[in-house]
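The exercises below are to be worked with the sequence and the 3D structure at hand. Each task is followed by a solution in steps.

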Amino acid sequence: MIINATWRNDWTRICNLNAAGMQSTCPLWASYAATAYQHQANVRVMYSDASSCDQLPTYNGAPLPEYFMLVGG
């Protein structure tokens, strides 16, 4: 799943159902993203493979995040 978030202003992968351990995590993160969009809430995403958001590759080239968390509602 990829999202176009305001913190990045570009498309970024947040999960992949085919990745190990993502079969239950990806649907959960997708629901967080949908809830955040619907309620104009914030999320917190942590990528350990980049020093800043603008250093991440785009679309499916982005690494999987360490976490994707809904922080407001």
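**Exercise 1. Locate Gln40 in the predicted model and describe its backbone and its exposure.**

Solution. Step one is the location: Gln40 belongs to the loop that runs between α1 and β3. Its place in that loop is just after α1. Step two is the backbone: phi of Gln40 is positive, at about 50°, although the residue is not a glycine. Step three is the exposure: the relative accessible area of Gln40 is 74%. A residue counts as exposed when this value is over 50%, and Gln40 is therefore exposed.

**Exercise 2. Carry out the analysis for Tyr59, a residue other than glycine with a positive phi.**

Solution. Begin with the position: the loop between β3 and β4 contains Tyr59. Next comes the backbone angle, where phi of Tyr59 is near 50°. Last comes the exposure: Tyr59 has a relative accessible area of 41% and is partly exposed. The class follows because partly exposed covers the values between the cut-offs of 20% for buried and 50% for exposed.

**Exercise 3. Compare the length of helix α1 with the expected span, and determine how its buried residues are arranged.**

Solution. First, take the length. Helix α1 covers residues 22-39, which is 18 residues. From its first C-alpha to its last it reaches 25 Å, close to the 26 Å expected at 1.5 Å a residue.

Second, list the buried positions: in α1 these are Met22, Cys26, Trp29, Ala33 and Ala36. Seen down the axis of α1, the buried residues fall within an arc of 90°, so they line one face of the helix. A general rule is useful here: an α-helix has 3.6 residues a turn, so residues three or four places apart point the same way.

Third, examine the surroundings. The cover over the buried residues of α1 includes the strands β1 (2-5), β3 (43-46) and β4 (67-70). On the face turned away from the buried side, α1 carries the exposed residues Ser24 and Gln38.

**Exercise 4. How many disulfides does the structure hold, and which residues form the link?**

Solution. The structure holds one disulfide. Cys15 and Cys26 form it, with their sulfur atoms 2.1 Å apart. This satisfies the criterion, because a disulfide requires sulfur atoms within 2.5 Å. The two partners come from distant parts of the chain, eleven residues apart: Cys15 is in the loop between β2 (10-13) and α1, whereas Cys26 is in helix α1 itself. As to geometry, the link of Cys15 and Cys26 is right-handed, with 55° about the S-S bond. Both Cys15 and Cys26 are buried.

**Exercise 5. Describe the protein chain as a whole, beginning with the pattern of its helix and strands.**

Solution. Start with the elements: the protein chain has one helix and four strands, which follow the pattern β-β-α-β-β along the sequence.

Then consider the dimensions. The C-alpha trace spans about 30 × 25 × 15 Å along its principal axes. For 73 residues, a compact globule would have a radius of gyration near 11 Å; the protein chain has 11 Å, so the two agree.

Now turn to contacts. Among those between residues at least 6 apart in sequence, 60% join residues at least 24 apart.

Finally, consider burial and surface. Of the 73 residues in the protein chain, 27% are buried. The protein chain exposes about 4,700 Å², and carbon and sulfur atoms supply 48% of that area.

Conventions: Residues are numbered from 1 along each chain as its sequence is written. This is a predicted model: local features need pLDDT of at least 70, side-chain atom pairs count only at pLDDT 80 or more; totals for chains, interfaces and linings use all residues. Side-chain values use heavy atoms; hydrogens and water are left out. Helices (H or I, at least four residues) and strands (E, at least two) are DSSP runs, numbered from the N terminus. The expected span of a helix is 1.5 Å times one less than its number of residues. Buried means under 20% relative accessible area, exposed over 50%, partly exposed in between (1.4 Å probe, protein chains only). The arc is that of the directions from the helix axis to the C-beta atoms. Contact means heavy atoms within 4.5 Å. The radius of gyration is taken over C-alpha atoms; the globule rule is 2.2 Å times the number of residues to the power 0.38. Accessible areas come from the Shrake-Rupley method with a 1.4 Å probe; for residues, only the protein chains shown count as cover.
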